[in-house]
Each structure stands twice: as structure tokens, then as C-alpha cells.
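Student: Hi! Could we walk through this structure together?
Tutor: Happy to, just ask away.

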Amino acid sequence: MAGLKTSLRRGVSLAALIALGGAIALPGGGGGTPVAPFNAVTSLFADNCAMGPWYALSTTPPIIKAANGDVWASYQGFDWVNGAGLENKVRVYSNGVWGPEYPALLCDSSTDNHGGPAQLETTGAYKHNFGGTHNGPMRHAVTTTPGDPSTFVRQADIGNNFTYPHPTEGPDGNIHLLMRKTIVAEDRMPLVVVKSTAMVNGIPTWGAEKELISLDADSRYYQGGMVEIGTEVHMTATRANTADTERRNVYYVIYDKADGTIYNHDKSVSVVAASQPINLTTMNASFRIVDQVGAGTFGQIPSLAIDAAGNKHIAYLDGSGATRAVKVISIVGGAIGAPVTIDTVANNQASVCLRKMDDGQRLELAWAKENGNTYLGGGGDIWRAVRSAAGVWSSPAKIAAATKMYAYSSITPVYKGSDDLAFAFGEIVGTSTTDVENGYVCRAYMYGSNGFVARSATYDTDAQNYFNAMDVQESDSKKAIIDAFFKVLKAINKYNAFETIHFGGVANEQAALLDLTGRHEFTAVGSPAFVPNEGFDPDGVDDYINLGFNPSSTPGLKIVQTGFAIMEFVLDEGQEANASMGTLAAASPTISLVPRNTSDVSTTRLNDGTSLNGANTTAYGFYLARRTGSTKELYKNRTRRSTTTTAATGTANGDATLFRSGAGHSNKRAPFAAWATASFSQLSEPAMCNAVVRLLLESGIISADVPD
């Protein structure tokens, strides 16, 4: 075992090698704008996004600059308070500071991640948030107090079979809600609009839906970026087949909110409301500005910017096979110019974002590009280039290097924004419902002319208390990693569920014996070797950590006999008969967790004398065992391996321990271990796993994510 441990240690990548925990100095940006150092841990403004913060340009705009200059950033996360599904959240940047996170709109699903937000400010400073499940009713919430993000109240649902909202306010103060509708019987997904007929204190009365554009059978209409000029909404789009295996062509559409007329890019063609919907033949003949079907190429959802001179600029992907070119095409004086290739990417889902800069002449382009890592759902690093007023593009510059666990993508501009808060992007993990159910809690970042616009660097109060208890302070980079862990535990509403938390991945032994909750005092028994920045290495003979409480007799515990959980991350491989954590109780009932016994089974006892078993051929990874009433559950990484119904027979009477249970000792290293209440479900357990994996990755203790 000792040789295997040494081998694993040598295989661990340090945080610096995986671009975590420290600033990355990158080359200067285009147009003379320096690219600010990026830090994956400290440059973020939100840490509570589900799978990814938004669906890039599909739901536009998720981030808006309000009339008073504040920036409202909305993103999709989990409803951790009620466990009711996915929830759109909002944070407001005001007076140079990000405010707290507020719930904006419950989307009613824990499995459909297409409900990302689209926001709108209407007359009177009321803020609206739209979203919902994929091809379901459109959900809607509005602030009942203008400008107050804490007052979002859900309103009546709108219709059915809608996805991807793009809201805008008409000249009469009513809302024009542009969406895609699914018509299963006709095998098509057209663009429709639903308009309000009245607005009272920000709350609309909705009228009937109207179909605007149909790309015929076997089609999906994907609307991209939009820009408003007067009563006109300039929009780009692409067409996909129903199976969504290909996205092709770039369309340019101008929707006039005054009378519903739709124009092409130069207004040489108009289709009045009475003659709509526009069909595919007309769209291809008069509204298509890039013909990818004819060229035999494929694309992605395009992004739009219009400069001060009225010239239109569209960023899009173009290519075939495994390669896509990042291109920008301009329409000047109504004439469609030749596209300019900015870069090439090896990802047909790469996100692109184009915006007009504050001087009205320069353009700023950002895009996602693959790196040496492999990610669920694509993505990669974030790159940027600037087009000068003279029309010359700068060389691409990388502004954010993705971590080993999470790719970056879903780039979105701040709608009606300015250079200081220009665009945002987020971590993404996959595009399937499984990834949502696996509780990936992702970060979002905001970029501007002065670099990344991050949340406050002030340490969380409980993190600061933990640091204050250290005899020797950790480095600033390690403190940032630990502080981020505290903050994400609170974001997912789990910090207060913990009875005790052990984290051994610090620089000295005294700090490794501090309880992150501050509730208990740990003691090293025997002589477990301490490895700086990794944790204790028990000998399997007489070493263990006493966690300082007895579940049976210590007063004031959060855990109870029929409601508690134990968890740990095990570093070492191999079979072992003894439990790696539990209590000193020698007689039944006992509490114990064996990662992998000699029969290749994980096993746990939870205040009873009956083992709950789950097949397991690898000891390495995250474990959580939970009792809720008579229900027992055993998790490995993000998956529940087994469950049963067994009543508790009492409370284990012995101090809580790590590396020992009863008389047996374990030699498996566990840099993280904790006791908590039963407040963990099949959604929040994976989220907890991901939080611990991120902590260990960013600390350089492990080198890769764990499988589900």
C-alpha cells in the first residue's frame, strides 16, 4: 500500500499546473486594451449556476444595463431552498459592487436546463424575468417594487410549448415577447410573438400569439442576438433540422414593433403582419445573408452588433467536419461584404459574442476555443479580439484559460451595456438533463475594459473565523480557494447543515486539526504523519483523528439518531476490511463507512447493526452515507449506489473518528471528511461532491474530476 500511495502522490498535478488558484498573466488585448490577469477562483461574480449560467444567445438578454446604469445579471441555478427544480437568479451591479443573489423565477424542473433567463426593463423601472422548461409554458416574474431585485413575484404562465424568450418593450409600453414554439404535429418550431395588451404596475395582460416566421417542416428556428433601434428590433437567426444535428445559414430580420412588419437587412423586402408567417422560400431568397447550405458548411447561433454609423456586423461559425471558422461579416450601406475569418475552432458548438464598443466605431468579439482538456458539452478557453475604427482586427488574445474540470462558454453581451461591463461567460458542463441532475454548480465571470468585474474579495465570515484560528496563515491563493468553498456551501444552502468539517489540505498540522465549522476540536491520536497541503497519512495500526464529539452524549448537536450523514473523499486505492470513518463505539449500534472491503463492496452502518452494501471496485473518490428516518442511502461520487429501509436501533456511543471505527484502523488518506444532518438528496449530494472535488482540484490534491 505504501508504494501505491507514493505513486498516487507523484501523479497529482499541482494547482499551478492546472491553472488554478493563481493569476494568469496573458498577452495584451487588441486595440491597445490590456488583458487583465484571470483567476478562476477570484475573478467570478457568481458561483451558483446550474450546468451553465445561460444558453448563450438563445435566451436574450440574460444581462441588461438598466436605465439608471445598474447592471442586472440573471442566470440559471438550482432552487436549493425548496428543492423544487431549476431557478433563475439575479444579482445587481450597482455603484461598483455586486449585490447579493436573489431568486427571480422558479422554472419548475430539476431536469430541463433550457429555462435560462431573458430580462426586460419596462416603463417605471419594472424588471421582468422570463424562462421555463423546454417546450413548455413560458414562465414570467416581475419586480413588484421597481428596481428592487428582492421583490420578484411569479406571474401567470404564458401559453405552452415555448422556448427561448427574447422580450422587448413596444412604443406603447407593452411587451413584445418573441419565442420559439414547438408544433409537434407539423414537425416544426417557428418564431412567434405574444404581445401584452395592457400593463398595470409592471404586470402585463397577455394577448394571443402570432406566428412570424416558419422555416417549414423538419426545422427549428434559433434566434440569436438582437439590437433595438427606435421601434425596430434587428435580429439574427439560424435554421436547424428537428433532430438538431445541423444548424445552417445566417438570417437577418428586422421586426418593427410599431406595426409588426418584418424587413430584411436593407429593407428592400417587407412583409406586413397580415402576410405572415414568412416561409422558408422567402427567408432564403430575401432574408438569408450567409448561405451555408449552398456552400456545404454548417454554423451556429449568430451574434449581432450595429455600430454608430448603422453598419451591421454579424459573428458566426462556418465550416464542416471537425473545424469551424469564427467569422464576422459586415453589411455597409445595405451591401453584404465578404466575411473575415478571425480564428478557427474544433468545436461546432463554440460560443461567439460580438458587441459595439463605447466609441460607437470599434467592435469587440469574444469566442470559446478548445484546449488540451476534454469536456462534457464542448467549450474551452475564452478568446477576444477588437476591430479598430479603421476596420482592422487585432490578433486574438486568450483572456481566460479554462480549468481542468470546467470549460468556459455561453458568452453573452451585456444588453445596452458599456465597455466597463462588456460581456459575461460561464463554466459549462454538458447539455443533457443528466448533467443537471448531477448537481454541477458552475461559476460565471464578467469582463470589462478594466478586466474582470468580480464579486467582493472580502472573506466569508465563517471562513475568516477559520483563518483567525490558524497559528500560521495560509497563502492568499489557498485562502481564496477555501473561501470559495465556504461561499459555495452557503450558495447551495448546505453550510448550516454541517456538524463538523475536516480539511487536511493546508500547510501545517495545527490548521489541519481545525474544524471548518468551528463547532468541535479535533485531536490527532497515535502519530499520523502530516503531509503539508495534502493531509494526514494514517498507518492503519493506531493512528486516527478524534473529531471531538460523541453522537450519543454530546449536547447541542445538529445531528440526531434518525437524521444524519457522514462523508469523505478517499485518496488511496485498494481493498480494506476496516472502516475509514465512524465512531469509537465497539458494540451495536454503530456508525461506520468502509470505502471498498475485501469483497469489492462499499458498506456502511448508520446507528444500527446491519450493513448497507454497494458494489465498488475502486476505493478512490467521494462517499456519502445518509440516514433519514428508517431510510439508509449510500453514494459514491455523484451516484446513489444503494438504499434500504432499516430502523435505527439506538445511537452509536463513542467519539466520532476519522481513519478508525470501533477497534479497526484504516490506512486510507482522506483530506476531506464531514458529519452533517440528513439534508442531502439525489440532487444536492452530487452538488456536494462537486464542491469537494473542486476544493481538492484547486488545492492541487487531486488532478482530475471523478466519474459520476
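**A chat about the model**

Tutor: Let's start with a loop: Pro61 sits between strand 1 (44-50) and strand 2 (63-65). Keep in mind that this is a predicted model.

Student: OK, what kind of peptide bond joins Thr60 and Pro61?

Tutor: That bond is cis, with omega at about -5°.

Student: And what about the bond that joins Gln276 and Pro277?

Tutor: A cis peptide bond is found there too, with omega of about 10°. Pro277 belongs to the loop that runs between strand 20 (270-271) and helix 2 (280-287).

Student: Switching topic to the core. Which residues touch the most other members of the largest nonpolar core?

Tutor: Those are Phe45, Tyr466, Met567, Phe569, Phe672, Trp675 and Met688, out of 104 residues in that core. Helix 8 (residues 684-698) is the element that gives the most to this core, with nine residues.

Student: Is there a general reason to look for such a core?

Tutor: There is a trend: in soluble globular proteins, nonpolar side chains tend to be buried together.

Student: Back to Met567, what is it in contact with, leaving aside neighbours within four places in sequence?

Tutor: Met567 contacts Phe498, Met581, Phe622, Tyr623, Leu624, Phe672, Ala673, Ala674, Ala676, Phe680 and Met688. Two of these partners, Phe672 and Met688, are also on the list of residues that touch the most other core members. Elsewhere there is a second, separate core of 30 residues, with Tyr221, Ala237, Ile262 and Met283 among them.

Student: Now helix 8. Is it largely enclosed or open, and why?

Tutor: Largely enclosed by the rest of the structure, because 15 of its 15 residues are buried. Buried here means under 20% relative accessible area.

Student: What span should helix 8 have, and how far apart are its ends?

Tutor: With 15 residues at 1.5 Å a residue, helix 8 should span 21 Å, and its end C-alpha atoms are 21 Å apart, so the two values agree. Just after the helix comes Gly700, which has a positive phi of about 80°.

Student: Which residue that is not a glycine has a positive phi of about 65°?

Tutor: Asn161 does. Asn161 lies in strand 11 (residues 158-169), and its 30% relative accessibility is why it counts as partly exposed. Another non-glycine case is Phe659, with a positive phi of about 75°.

Student: Where is Phe659 found, and is it buried or exposed?

Tutor: Phe659 is in the loop between strand 48 (656-658) and strand 49 (660-661). Its relative accessibility is 0%, so Phe659 counts as buried.

Student: Pockets next! What is the volume of the second largest pocket?

Tutor: About 420 Å³. Its lining has 21 residues, and the closest to the pocket centre are Met226, Val227, Lys356, Tyr415 and Lys416.

Student: Which elements give two or more residues to that lining?

Tutor: Four strands do so: strand 16 (219-229), strand 22 (303-306), strand 27 (352-356) and strand 31 (407-418). By class, the lining of the second largest pocket holds 12 nonpolar, four polar and five charged residues.

Student: Tell me about Lys356. Which strand does it lie in?

Tutor: Lys356 lies in strand 27, and with a relative accessible area of 37% it is partly exposed. Outside its neighbours within four places in sequence, Lys356 contacts Ala305, Ile306, Asp307, Ala308, Arg362 and Leu363. The C-alpha atoms of Lys356 and Asp307 are separated by 5.9 Å, although the two are 49 residues apart along the chain.

Student: And Val414, is it buried or exposed?

Tutor: Val414 is buried, at a relative accessible area of 5%, and it lies in strand 31. Not counting neighbours within four places in sequence, Val414 is in contact with Ile63, Ile64, Lys65, Val71, Leu421, Ala422, Phe423 and Met446.

Student: How far is Val414 from Ala511 in space?

Tutor: They are 42 Å apart, C-alpha to C-alpha, and 97 residues apart in sequence.

Student: Last one: where is Ala507, and what does it touch?

Tutor: Ala507 is in the loop between strand 35 (498-503) and helix 7 (509-512). Beyond residues up to four places away in sequence, Ala507 touches Glu474, Phe530, Pro532 and Asn533. Ala507 is partly exposed, with a relative accessible area of 36%.

Terms used:
Residues numbered from 1 in each chain as written. Predicted model: local features only at pLDDT ≥ 70, side-chain atom pairs only at ≥ 80, totals over all residues. Heavy atoms only, no water. Core = buried A, V, L, I, M, F, W, Y, C linked by side-chain atoms within 4.5 Å. Buried < 20%, exposed > 50% of the residue type's maximum accessible area, 1.4 Å probe, protein only. Contact = heavy atoms within 4.5 Å. 1 Å grid on protein atoms, 1.4 Å probe; cavity = no way out; pocket = protein on both sides within 12 Å on 5 of 7 lines; lining within 4 Å. Points joined across faces, edges and corners; volume = space filled by probe spheres on them. Nonpolar A, V, L, I, M, F, W, Y, C, P; charged D, E, K, R; others polar. Expected span 1.5 Å × (residues − 1).
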